[in-house]
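Colleague: I've got this one open on my screen. Walk me through it, please.

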Protein chains: 2
Amino acid sequence: MDRRIQKTKDAITEAFVGLMAEKDFEQITINEIADRANVNRGTVYLHYVDKYDLLDQCIETHLNQLFQSCSPAEDTTGFSSKTSLLHTFEYLEQNAFFYSTMLKNKGIPAFRNRLMAMALHGLREQIDMSGINQNMNQEVLVQFLASAVVGVLEWWITHSMPYPATDMVEQFKLLLERFQIVRKELV
Amino acid sequence: MDRRIQKTKDAITEAFVGLMAEKDFEQITINEIADRANVNRGTVYLHYVDKYDLLDQCIETHLNQLFQSCSPAEDTTGFSSKTSLLHTFEYLEQNAFFYSTMLKNKGIPAFRNRLMAMALHGLREQIDMSGINQNMNQEVLVQFLASAVVGVLEWWITHSMPYPATDMVEQFKLLLERFQIVRKELV
DNA sequence: TCGGATTCGTTGATTATTCAACAAAATCAG
DNA sequence: CTGATTTTGTTGAATAATCAACGAATCCGA
């Protein structure tokens with residue numbers, strides 16, 4: 001990819017997220033985004049259909065990154081769930097502004113829903129209904145856990161990460177072990 | 001000016017100054033600058049002849065800005081020397097990284113010399129040889145004062161601005177008043 | 001509701017930047 | 001000193017971004 005494209009997209013994204021932190025989505029204009037990104041307004045349209053598309057693409061890009069952070073490229077080295085969890089928290093830490101802004105902005109319930117969907121998907125893949133879970137209703141259990149996971153992440157991010165990522169990983173591990181979720185990637 | 005030009009120059013300048021803070025000027029390559037600036041190497045050559053020209057232009061640009069910070073556009077509002085001094089210190093504060101890097105880098109004595117030249121010029125313009133200065137040798141006096149001014153600025157910048165700009169302005173004013181330098185712009 | 005202002009979406013010509021490649025010069029290591 | 005590697009300076013074709021402008025749509029205030 002030509003580096004100009006990436007530079008332009010990065011600038012637009014950063015400007016957009018900055019504005020999202022300051023005002024409602026509906027009040028943001030393409031003009032403002034372009035000015036803050038220091039690109040021509042027409043350039044925004046070269047990359048995005050409209051600001052709704054921009055929002056969608058921003059969400060998509062970040063959720064892909066989040067997903068990648070949970071799935072180490074090298075699965076041959078035997079990464080434990082704890083290591084990938086740490087990757088995830090570190091990724092969230094580095095992109096805290098985006099996630100915090102998205103979760104705080106009342107105009108975007110879809111974002112939180114997408115996080116929930118990711119958590120549900122991950123949990124469904126790795127929930128083990130034997131042992132202590134064998135008398136549970138699976139759907140109830142995964143809804144319970146997904147809500148808890150997303151809720152804690154949301155709290156951690158929107159409260160400016162009150163504890164280090166390493167601490168969060170330890171706590172998560174302890175909590176998830178209670179439900180026999182230990183080895184595979186969660187989100 | 002097309003905004004692309006400014007964006008490119010800003011990126012190159014920032015990358016260059018960052019590298020200057022990490023290594024000797026002679027060890028810096030155009031490749032490194034381009035990579036860090038995230039521009040094509042050829043683009044560096046579109047704007048600068050070589051890295052020596054880049055250095056010259058960086059110095060020139062910043063010294064022009066420094067000069068402008070001492071010369072308020074609106075002279076009709078009766079700015080006092082103290083106000084323009086404050087502008088100067090605020091400017092230096094905002095560009096501390098550049099000035100600190102240049103002053104610390106042993107490969108660039110020219111930079112400090114340029115500062116001295118500016119101080120000498122300003123002082124020669126406004127030194128008042130009557131009164132307490134009447135028995136002094138003018139050249140000795142301006143060399144003395146210029147060295148003192150540049151030395152203090154250098155210390156303040158390279159020691160991460162230990163005192164607020166406002167304090168520095170007060171001190172400068174007190175010091176310069178001892179030499180009957182009060183009203184006009186200094187640097 | 002109406003008129004003015006603002007924003008949006010688009011177009012076309014121009015321009016700055018990109019990329020790949022080449023040869024020359026400089027640097028580095030044995 | 002010599003050969004390999006790196007850096008420099010340059011070239012040309014392609015591409016992304018710029019700018020100005022236009023008409024349509026939307027918003028805002030009287």
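Colleague: Which element gives the largest share of the surface near DNA strand C?
Modeller: That's α3(B), with four residues. Helices here are DSSP runs of H or I with at least four residues, strands are runs of E with at least two, and both are numbered from the N terminus. A residue is near a strand if one of its heavy atoms lies within 4 Å of it.

Colleague: Anything to know before I go on?
Modeller: This is a predicted model, where local features need pLDDT of at least 70, side-chain atom pairs count only at pLDDT 80 or more, and totals for chains, interfaces and linings use all residues. Residues are numbered from 1 along each chain as its sequence is written, chains are lettered from A and ligands numbered from 1 in the order written, and side-chain values use heavy atoms, leaving out hydrogens and water.

Colleague: OK, back to strand C. Which elements each supply at least two residues of the surface near it?
Modeller: From chain A you get α1, α2 and α3, and from chain B α1 and α3.

Colleague: And which residues come nearest to DNA strand C?
Modeller: Out of the 20 around it, A:R4, A:Y45, B:T8, B:T43 and B:H47 come nearest. As for the DNA side, 68% of the strand C atoms within 4 Å of the protein are sugar and phosphate.

Colleague: What does A:R4 have near a base oxygen of DNA strand C?
Modeller: A polar side-chain atom of A:R4 lies 2.7 Å from that base oxygen. I'm calling this a polar contact, meaning a pair of N or O atoms within 3.5 Å.

Colleague: What about the phosphates of strand C?
Modeller: A:R3 has a side-chain N or O atom 2.9 Å from a phosphate oxygen of DNA strand C. A:I30 uses its backbone instead, with a polar atom there 3.1 Å from a phosphate oxygen of the strand.

Colleague: How do the residues near strand C split by class?
Modeller: Five are nonpolar, seven polar and eight charged. Ala, Val, Leu, Ile, Met, Phe, Trp, Tyr, Cys and Pro count as nonpolar, Asp, Glu, Lys and Arg as charged, and the others, Gly among them, as polar.

Colleague: Switching to DNA strand D, which residues come nearest there?
Modeller: A:T8, A:T43, A:H47, B:R41 and B:Y45, out of 20 residues around that strand. By class, the surface near strand D divides into four nonpolar, seven polar and nine charged.

Colleague: Where do those residues sit in the helices?
Modeller: In chain A, α1 (3–20) and α3 (41–47) each supply at least two residues. In chain B, α1 (3–20), α2 (30–37) and α3 (41–47) each do so.

Colleague: How much of the strand D contact is with sugar or phosphate?
Modeller: Of the strand D atoms within 4 Å of the protein, 67% belong to sugar or phosphate, and the rest to bases.

Colleague: Give me some phosphate contacts for strand D.
Modeller: A:T43 has a polar side-chain atom 2.3 Å from a phosphate oxygen of strand D, and B:R3 has one at 2.9 Å from a phosphate oxygen. From the backbone, an N or O atom of A:N40 lies 2.8 Å from a phosphate oxygen of strand D.

Colleague: New topic. How does chain A lie on chain B?
Modeller: A turn of 179° and a shift of 0.0 Å along the axis lays A on B with an RMSD of 0.1 Å. That's the relation of a two-fold axis. The same surface serves both copies, too, as 100% of the contact residues of chain A recur in chain B. The copies were superposed by least squares on C-alpha atoms of residues with pLDDT of at least 70 in both, and contact means heavy atoms within 4.5 Å.

Colleague: Last bit: how many helices and strands are in chain A?
Modeller: Nine helices and zero strands. Its C-alpha atoms fill a box of roughly 60 × 35 × 30 Å along the principal axes.

Methods:
Polar contact = N/O pair within 3.5 Å; in protein donor to acceptor, adjacent residues only side chain to side chain.
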